[in-house]
Amino acid sequence: MNRASSPTASAPVGRLTTPRAAVPVEESRKPAPDALTIGRRLRHVRQESGQTLGDVAQTVGMSASALSLIENGKREPRLSVLTALAEALGTPLAELLATAPPTRRAALEIRLERAQRADSYHQLGLPAVKIGPRLPMEALEALVGMHEAMASVQAERAATPEHARMANAELRMRMRAADNYFGEIEGMAAELLTAIKHPGGPISRAAVDRLAGHLGYSLVHTSDMPGSTRTVTDMTHKRVYLPQPEAGQHDSRSLALQAIGHLVLGHQVPADYAEFLSQRVEINYFAAALLMPEQDVVPRLQDAKQAKDIAIEDLRDAFAVSYETAAHRFTNLATRHLDIPVHFMRISREGVIYKAYENDGVSFPRDATGAIEGQRVCRQWTARRVFEQPDLSQAFQAYTDTRSGTYWCTAVVDRTSDGLFSVNVGVPYQSVKWMRGRETTHRSQSRCPDPSCCHQPPAELAERWTGHAWPSARAHSHLLAAMPPGVFPGVDDTEVYTFLERHAPTG
């Protein structure tokens, strides 16, 4: 069967369902400062000016205690209050709203304050250390180091395969509730296309360069990318580093747009693995929304529906993207704009699910946690039958009768460096009238999860070989180990920072 929209690509868009107001492009380039940072910058500027709390508070007409709460990050000031404080201190408002702490000590104080406000610290039942000028710098550094080491250990323990599977399951439910359509990201993508005066249709590599430039960034291709990364963004020097295209490969648009997506969507460092997955889904969606703009794709799909001739291949060819990207984009828009429920799936040749999404009632195999990634789909489903076809370069369509209904699916084999995969899109029988290839005579029946469907060998073979075979299983060690530790799972921070230092502009 088919249907999945990639949780591994795994963001929240509110985490995916909570609507967010569209953020102007200019405001979304970098995260807004939080109350702690504003407070430390305010204190630094006040002390530099030689004024006391009472002096400044009296000038702006507020109490010294209220100003102290703002400086300690315990109260978020209104913009009007900040404007008055900036005037009283003789400093630009932008100075108070800068995102960087004013000093190393202030940065450490902010990190310690955040650590002590975390739920994980409160659960320990320990008193908070008073943060002030009397706290020695050495003690401050030691406390911050211990808190962050503890957080790293907790994150490593939490990011187990079980945790990752549950996070994927939760993410997929949010995506289903939204029909895999994230309006706020569509809006942001449309604003950017308007800002660079995109004429419509497929976005070119030159347009991606203009888009990055509009945000103040430049795209740099290099042959020495850190092995644990796909892209690296230098937020200080406003550069996005991308790998040099491999032989025969020319399209780096998607990677560049995904990296830019983190900036436009205002992503913060992920707090946990679930947020990491959610951010991956968001940037993938963002890139697809620019590669295949909603205002161009929807009329094309509506015309195809009117002609009862919807085909994923047409989207792929019209927008010069991969079949998988076109399939994802169809699942983004099909239910919202065409009233067609759909499912998507990407599986290995062995039938193991890597990505999956559904809102059409199809029943994916799942484990006790509700996760489907790593499960094996029925041999009778179109996504697996495509591998049996003599010509793997052609799309394969078939009907499958299942316990949850009859589904029509179209699947294509994707050849990658990791082997063959199947990309599959399916719709329920009542929606097949809109799809090209509905006249196919290929049909099968799936009785899964009944073991006799395809998990148990035929009785004749079982009788002949039971007790006379001892296969050596291929151990998937990644299923047993904890997720790679680190803020961004699997990324070697030392390798990344060394890379950035090597490429940073001099002078």
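Mentor: Helix axes here are lines fitted to C-alpha atoms over the stretch in contact, and the angle between two of them runs from 0 to 180 degrees between N-to-C directions. Keep in mind that this is a predicted model.

Trainee: Thanks! How are H12 and H13 oriented to each other?

Mentor: H12 and helix H13, which spans residues 273–291, pack with their axes 8 Å apart and at an angle of about 120°. Roughly perpendicular covers 65 to 115 degrees and roughly antiparallel needs over 145. The angle fits neither range, so H12 and H13 are oblique.

Trainee: And what is the handedness of the crossing of H12 and H13?

Mentor: For a pair like this, we ask which way the near helix is turned from the far one, and clockwise counts as right-handed. The crossing of H12 and H13 is right-handed.

Trainee: How many nonpolar residues are in the contact of H12 with H13?

Mentor: On the H12 side, the contact includes Leu257, Ile260 and Val264, along with Ser254 and His262. H13 brings residues such as Ile283, Phe286 and Leu290, and also Gln279 and Asn284. Alongside six polar residues and one charged residue, the nonpolar count is eight.

Trainee: H12 also packs with H11, so to speak. How are H11 and H12 oriented to each other?

Mentor: Helix H11 covers residues 205–214 and H12 covers residues 253–264, and their axes lie 10 Å apart. The angle between H11 and H12 is about 15°, and angles under 35 degrees share one label. That makes the pair roughly parallel.

Trainee: How many charged residues does the contact of H11 with H12 have?

Mentor: H11 passes H12 in a left-handed crossing. Arg205, Val208, Leu211 and Ala212 of H11 meet Arg253, Ala256, Leu257 and Ile260 of H12. Six residues of this contact are nonpolar and none is polar, while the number that are charged is two.

Trainee: Let's go to H1 and H4. What is the handedness of their crossing?

Mentor: H1 (residues 35–49) and H4 (residues 79–89) pack at about 20° with axes 10 Å apart. That makes H1 roughly parallel to H4. As for handedness, the crossing of H1 and H4 is left-handed.

Trainee: Which residues of H4 make the contact with H1?

Mentor: The contact divides into six nonpolar residues, one polar and one charged. From H1 come Ile38, Leu42, Val45, Arg46 and Ser49, and from H4 come Leu82, Leu85 and Leu89.

Trainee: Now the pockets. Which element gives the largest share of the lining of the second largest pocket?

Mentor: This pocket has a volume of about 590 Å³. Of its 22 lining residues, the closest to the centre are Arg43, Glu109, Ile131, Gly132 and Pro133. The elements giving two or more residues to the lining are H1 and H6. The largest share, six residues, comes from H6.

Trainee: How many charged residues are in that lining?

Mentor: Sorting the lining of the second largest pocket by class gives six nonpolar and seven polar residues. The count of charged residues is nine.

Trainee: Which residue is joined to Cys448 by a cis peptide bond?

Mentor: Most peptide bonds are trans. Here, omega is about 15° for the cis bond after Cys448. The partner lies in the loop between strand E9 (443–445) and helix H18 (451–454), and this residue is Pro449.

Trainee: Last one: what is the phi of Asn180?

Mentor: Most residues other than glycine have a negative phi. Asn180 sits in the loop between H9 (161–177) and H10 (183–195). Although Asn180 is not a glycine, its phi is positive, at about 60°.

Conventions: Residues are numbered from 1 along each chain as its sequence is written. This is a predicted model: local features need pLDDT of at least 70, side-chain atom pairs count only at pLDDT 80 or more; totals for chains, interfaces and linings use all residues. Side-chain values use heavy atoms; hydrogens and water are left out. Helices (H or I, at least four residues) and strands (E, at least two) are DSSP runs, numbered from the N terminus. Contact means heavy atoms within 4.5 Å. Ala, Val, Leu, Ile, Met, Phe, Trp, Tyr, Cys and Pro count as nonpolar, Asp, Glu, Lys and Arg as charged, and the others, Gly among them, as polar. On a 1 Å grid over the protein atoms alone, a cavity is a set of points where a 1.4 Å probe fits but cannot get out, and a pocket is an open set with protein on both sides within 12 Å along at least five of seven lines; lining residues have an atom within 4 Å of a point. Grid points are joined across faces, edges and corners, and a volume is the space filled by probe spheres set on the points.
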